[in-house]
Amino acid sequence: MSSIEDLDLSFTNLNGANDWLEVVSSLPNLKTLDMSACNLSLMSLSSFSQFSHSKSFTPLESLQLRNNEINDIPKFFGDICTLRELDLSGNNLNGQLIEHINDLFGCAKDSLEVFVLASNQLWGSLPDFALFPSLKEIYLLSNKLNGTMPKTIGNLHNLEHLNVSLNYLQDVISEAHFSNLSKLLSLDLSGNSLTLEFDFNWVPPFQLEELRLRSCKLGPRFPNWIRTQWNVTTLDISNAEISDTVPAEWFANLPPKLGSLNISSNQIHGQLPNVSTVSLSELRFDLSANCLEGPLPLFLTNVSSLNLSKNRFSGPHFHLFVISMVGG
């Protein structure tokens with residue numbers, strides 16, 4: 001038992017039972033502990049605190065407590081100096097986010113890399129996450145956050161993944177928020193009332209793999225900085241108040257790894273370019289609910305999924321395209 005580093009107790013009813021405490025205390029090399037969906041409450045975890053200072057608990061790096069009944073972050077979590085990953089998604093956390101963040105202001109704030117509080121009832125603004133200098137991944141989606149996003153988010157030089165989607169954040173986002181995030185790989189701000197105001201010629205320091213900005217305000221011009229993202233596999237800028245034409249050079253040479261492109265529910269007008277030099281056979285493409293018109297470029301017959309509804313397409317290429325899609 002002493003050599004065990006990873007312990008999975010998920011989907012086990014641990015509430016009211018202390019046997020698991022004895023098990024944990026007997027594992028001096030434990031690095032990963034998963035107690036997700038165990039019906040745990042804050043009270044159930046209170047006796048857990050005695051091990052946070054013990055030698056047997058010292059090396060813990062990952063603590064996963066998804067889908068329990070926890071309504072607060074135990075303060076002793078902040079004293080686990082080796083803690084790299086904390087997942088409390090799908091619990092009963094409520095109140096201001098910053099109040100819960102304060103519970104981690106021990107040595108854990110220097111070691112924490114992955115912080116997951118998705119699907120709770122948290123509200124308020126984003127805190128100053130720069131107080132957690134090692135953070136690489138932040139997941140706060142599906143809460144009730146209704147404040148702002150401080151520019152200090154840009155001080156997280158190691159940040160790779162940021163997801164604050166499906167909240168009620170209201171703020172104007174500028175390049176100052178992201179200019180220092182050279183390692184950023186995925187960004188999801190969708191479902192908030194955020195306005196992105198970047199200088200037209202701004203070139204981000206990062207190359208994203210996933211970018212989701214649905215329902216954020218990006219327009220009226222097509223965001224020029226998006227054209228610099230050549231590693232992107234998923235791009236969603238739907239319902240983003242864009243009233244412009246599609247940049248011909250970018251559209252004709254879409255990023256080679258792109259698998260999903262959603263620019264629906266905007267006011268994009270004009271015709272689509274007629275040439276593409278990359279393979280789009282795996283691309284899922286949503287152009288619906290725009291003002292696009294004229295004939296369709298025939299290369300669109302190579303995409304795997306295509307939504308062109310609620311536009312103004314016409315002409316011979318449109319009919320050939322429909323026949324090709326039906327026949328294929």
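**Exercise 1. Find where P220 sits in this predicted model, then work out what is unusual about the peptide bond leading into it.**

Start with the location: P220 lies in the loop that joins β14 (210–212) to β15 (234–236). Next, look at the bond from G219 to P220: omega is near 10°, so to speak a cis peptide bond. Now set that against the usual picture: most peptide bonds are trans.

**Exercise 2. Take N39 and A289 and work out what sets their backbones apart, where they sit, and whether they are buried or partly exposed.**

Step one, the backbone. N39 isn't a glycine, yet its phi is positive, about 60°. A289 isn't a glycine either, and its phi is also positive at about 60°. As a rule, most residues other than glycine have a negative phi.

Step two, the location. You'll find N39 in the loop between β2 (32–34) and α2 (42–46). For A289, go to the loop between β18 (284–286) and β19 (291–294).

Step three, the surface. Buried would need under 20% relative accessible area, and exposed over 50%. N39 comes out at 36%, so call it partly exposed. A289 has 24%, so that one is partly exposed too.

**Exercise 3. Decide which stretch of the model you shouldn't read in detail.**

Begin with the whole protein: mean pLDDT is 88, and 89% of the residues reach 70 or more. Then go to residues 319–328, where pLDDT stays under 50. For this stretch the model has 8 contacts beyond four places in sequence. Finally, apply the rule of thumb: where pLDDT is low, don't read the predicted coordinates in detail.

Methods
Residues numbered from 1 in each chain as written. Predicted model: local features only at pLDDT ≥ 70, side-chain atom pairs only at ≥ 80, totals over all residues. Heavy atoms only, no water. Helix = DSSP H or I, 4+ residues; strand = E, 2+ residues; numbered from the N terminus. Buried < 20%, exposed > 50% of the residue type's maximum accessible area, 1.4 Å probe, protein only. pLDDT = per-residue confidence, 0-100. Contact = heavy atoms within 4.5 Å.
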